[in-house]
Amino acid sequence: ILNFALNLEYLEAEFYLRGAFGHGLGEADITGRGQPGPVWGGSKVSFSSALYQQHAEEVARDELHHVRFLRAALGSQAVARPTIDLRDSFTTAARAAGVIGANATFNPFADEASFLLAAFIFEDVGVTAYNGAATFIRSKDYLQAAAGILAVEAYHGGAVRTLLAMNGLADPANKISALRAAASAAVGGPGAGDDQGVTLNGVSNIVPADNNSIAFARTPDEVLNIVYLGGASASYGFFPKKLNGAI
């Protein structure tokens, strides 16, 4: 369970660190069971807003700390960083969602608006993944730690949603939400019942939740189908050689 989370945190950390600071994880943070994979793509974003840049830098530090925390908890059982695609995977996702045309490309590091949209792909997935994993965690100490990470990911997600709504990016964000829902439904999940856009019924929707105002949860299969962008036909999306470890 923790290695599943670590694989996802590697992805988020590499995305945010490269966008905020122009570099990824250091050598000491990527070793473990298996051979560390490369990261394709990623570059520092030229932010036009100091607030956006501060937000990106804060989240990047949080994700770095999550990687280090999970690696420390796992000790010698920690998996190495898998191969991560921050280049072609975003174009595949954006085309599938209808955010761009069939022949267009999407560079999440081109500007802050693109970076926000790309971040939206991950944040809600992280919340639902940790919530879904809670039922499998027997250790109270690990459960509390997972709940703490989930809360931080939810803070991140709420901030990203707010910035998207404030800057007229609700439409492409909602298309990304619909793509996640379809990927979840494809492996037996509730689909539209576990995802919501930045707007709902014509008004802002900063907190995605069910009718009881409880955060959605996803199974590992649902999460994998989202980050793999459907699987082999999409070259396994953000993880071209799949996740590391026995998932």
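## A buried asparagine in α7

A residue counts as buried when its relative accessible area is under 20%. In this predicted model, N225 has a relative accessibility of 13%, so N225 counts as buried. You will find N225 in helix α7, which covers residues 220-227.

Which residues does N225 touch, leaving aside those up to four places away in sequence? The contacts are with A183, A186, V187, G230 and G231.

## How α4 meets α6

Two packed helices are described by the angle between their axes and the distance between the axes. For helix α4 (residues 112-133) and α6, the angle is about 40° and the axes lie 10 Å apart. Angles of 35 to 65 degrees fall in the oblique class, so α4 is oblique to α6. The crossing of α4 past α6 is right-handed.

On the α4 side, the contact is made by L117, F120, I121, D124 and V125. Their partners on α6 are P172, A173, I176, S177 and R180. If you like to sort such a contact by residue type, this one has seven nonpolar residues, one polar and two charged.

## The loop after α6

Moving along the chain, α6 (170-185) is followed by a loop that leads to β3 (199-200), and G193 sits in that loop. Is G193 buried, exposed or partly exposed? Its relative accessible area is 40%, so G193 is partly exposed, as that class runs between the 20% and 50% limits.

G193 can also be placed relative to F216: the two are 23 residues apart in sequence, and their C-alpha atoms are 8.2 Å apart in space.

Definitions and conventions:
Residues are numbered from 1 along each chain as its sequence is written. This is a predicted model: local features need pLDDT of at least 70, side-chain atom pairs count only at pLDDT 80 or more; totals for chains, interfaces and linings use all residues. Side-chain values use heavy atoms; hydrogens and water are left out. Helices (H or I, at least four residues) and strands (E, at least two) are DSSP runs, numbered from the N terminus. Buried means under 20% relative accessible area, exposed over 50%, partly exposed in between (1.4 Å probe, protein chains only). Contact means heavy atoms within 4.5 Å. Axes are lines fitted to C-alpha atoms, for helices over the stretch in contact, and angles run from 0 to 180 degrees between N-to-C directions. Angles under 35 degrees count as roughly parallel, over 145 as roughly antiparallel, 65 to 115 as roughly perpendicular and the rest as oblique. A crossing is left-handed if the near helix is turned anticlockwise from the far one by less than a right angle, and right-handed if clockwise. Ala, Val, Leu, Ile, Met, Phe, Trp, Tyr, Cys and Pro count as nonpolar, Asp, Glu, Lys and Arg as charged, and the others, Gly among them, as polar.
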